[in-house]
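Q: I am new to this structure and would like a close look at a single part of it: the charged side chains and the way they pair. Please take me through them slowly, and then show me a little of what surrounds them.

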Amino acid sequence: MANRLDFERPVQELEDKIEELKSFMDEKNIDLSDEISRLQKRLAYMEEEVYGNMTAWNRVQLARHPERPTTLDYIDRIFDDFIELHGDRAFGDDEAIVGGIATFEDKPVTVVGHQRGKDTKENLRRNFGMPHPEGYRKALRLMKQAEKFNRPVVFLLDTKGAFPGKAAEERGQSEAIARNLIEMAGLTVPIVCIVIGEGASGGALAIGVGNHVHMLENSWYSVISPEGAAALLWKDSSLAQQAADTMKITAPDLKELDVIDEIVPEAKGGAHRNVEEQAASIQKVLKKSLEELSKLSKTELVEQRYEKYRNIGQYTFVTDTIGLK
């Protein structure tokens, strides 16, 4: 049983009760099927209530779930013949970014993504999924290689942000992120980006400039984390829940604002509840995107990407009332 969050406790308690009755029925050879059936119907109703009315903070919590599938989990299930490539050819290899070449639907692609750990030891090795500059330069090397060989690029986003440490700044963190933004804007092959967990700040945007940008239903994507926003606005990071509910950072919010193209549905309770099903949902959306983008020429791909970002946002023109031109 997956670890449950606080807001999921009513569901967990009912599931535990059902399992307890099933065990008792088997042990005592007593027919409790009617009672179990009644509780299962109640469970279905409760799941609709809990997961159908989640707040933005609930979705942030699910995006951070320790059992949530990572980039490598999806690569194993969606792509074939994956060969991981290492290093930025300048400083070293950053394990917070993984990437390489693979096949998708029997066609070659380059796939790159943030990679966090599954336990403390792996999280330390992968720096909790927060890349250093060499991680972004590795991503840049792989996307330029993809352009050379005319391969589409798929990016999977899942990071709390670029690493803000002294060493990262000394090696040019901001320049590495800015360079990726410039290069991705002009890349002449299809780019599909999918936010699979947390999409925080420039750490996510550095591999997030795509022709199509999709989000898993319980992921979030923002210029700053809820804790960071609360600390800046109210000098109190403990107000993160309040910040999350006002920041418009969830997939439904960003779809409404035309920041993303499509929401990838998740199983009730989050992607970790059924990884195979989640991978299949991502694969379906990815296939659709690549088929659409494959019809565009190199020039059209760049133009489409440019127009996509130029048209994000809502604005109006103010009529000049003081005679200025």
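A: What follows is a walk through the charged pairs, then the surface patches, the core and two backbone details. This is a predicted model, in which local features need pLDDT of at least 70 and side-chain atom pairs count only at pLDDT 80 or more, while totals for chains, interfaces and linings use all residues. Residues are numbered from 1 along each chain as its sequence is written, and side-chain values use heavy atoms, with hydrogens and water left out.

Let's start with the idea behind the pairs. Side chains of opposite charge can pair when their charged atoms come close. A salt bridge here is a side-chain nitrogen of Lys or Arg within 4 Å of a carboxyl oxygen of Asp or Glu. The whole structure holds 23 salt bridges.

A good one to find in the model joins lysine 118 to aspartate 73, where the closest N and O atoms are 2.9 Å apart. Lysine 118 sits in the loop between strand 3 (107-114) and helix 5 (120-125), while aspartate 73 belongs to helix 4 (residues 71-78), so this pair ties together parts that are 45 residues apart in sequence. Helices (H or I, at least four residues) and strands (E, at least two) are DSSP runs, numbered from the N terminus. How do the two partners compare in exposure: buried or partly exposed? Lysine 118 is partly exposed, at 42% relative accessible area, whereas aspartate 73 is buried, at 15%. Those words have fixed limits: buried is under 20% relative accessible area, exposed is over 50%, and partly exposed lies in between (1.4 Å probe, protein chains only).

Next, look along helix 8. Arginine 179 and glutamate 175 both lie in this helix, 4 residues apart, or about one turn of the helix. Their salt bridge has its closest N and O atoms 3.5 Å apart. Arginine 179 is partly exposed, with a relative accessible area of 39%, and glutamate 175 is partly exposed too, with 38%.

A third pair brings together glutamate 262 and lysine 288, with 3.8 Å from N to O. Glutamate 262 lies in strand 8 (residues 262-264) and lysine 288 in helix 13, so the pair ties together parts that are 26 residues apart in sequence. Glutamate 262 is partly exposed at 24% relative accessibility, and lysine 288 is partly exposed at 43%. Elsewhere, salt bridges with shared partners link Arg64, Lys160, Glu198 and Glu227 into one network.

Some charges gather on the surface instead. Asp80, Asp81, Glu105, Asp106, Glu291 and Glu292 form a negative surface patch. Strand 1 (80-84) and helix 13 (275-293) are the elements that give two or more residues to this patch. Glutamate 291 has its place in helix 13 and is partly exposed, at 44% relative accessibility. Patches are made of residues with over 30% relative accessible area and no salt bridge, with like charges joined within 9 Å and nonpolar side chains (Val, Leu, Ile, Met, Phe, Trp, Tyr) within 5 Å. Lys and Arg count as positive and Asp and Glu as negative, while His and the chain ends are not counted; each charge is placed at NZ of Lys, CZ of Arg, CG of Asp or CD of Glu.

The surface has a nonpolar patch as well, made of Leu232, Leu233 and Trp234, with about 330 Å² of accessible area together (Shrake-Rupley method, 1.4 Å probe; for residues, only the protein chains shown count as cover). Leucine 233 is in helix 10 (residues 226-234) and is exposed, at 58% relative accessible area.

Now for the inside. The largest nonpolar core has 30 residues, and Tyr136, Phe155, Leu157, Ile207, Met215 and Tyr221 are those with the most contacts inside it. Among the elements that each supply at least two residues of this core are helix 6 (133-148), strand 4 (153-159) and helix 8 (173-185). Helix 6 gives the largest share of this core, 6 residues. A nonpolar core is a set of buried Ala, Val, Leu, Ile, Met, Phe, Trp, Tyr and Cys residues joined through side-chain atoms within 4.5 Å.

Two backbone details round off the walk. Most residues other than glycine have a negative phi. Serine 201, not a glycine, has a positive phi of about 60°; serine 201 is found in helix 9 (residues 201-205). Aspartate 258 has a phi near 65°, also a positive value, and is found in the loop between helix 12 and strand 8. Aspartate 258 is exposed, with a relative accessible area of 53%.
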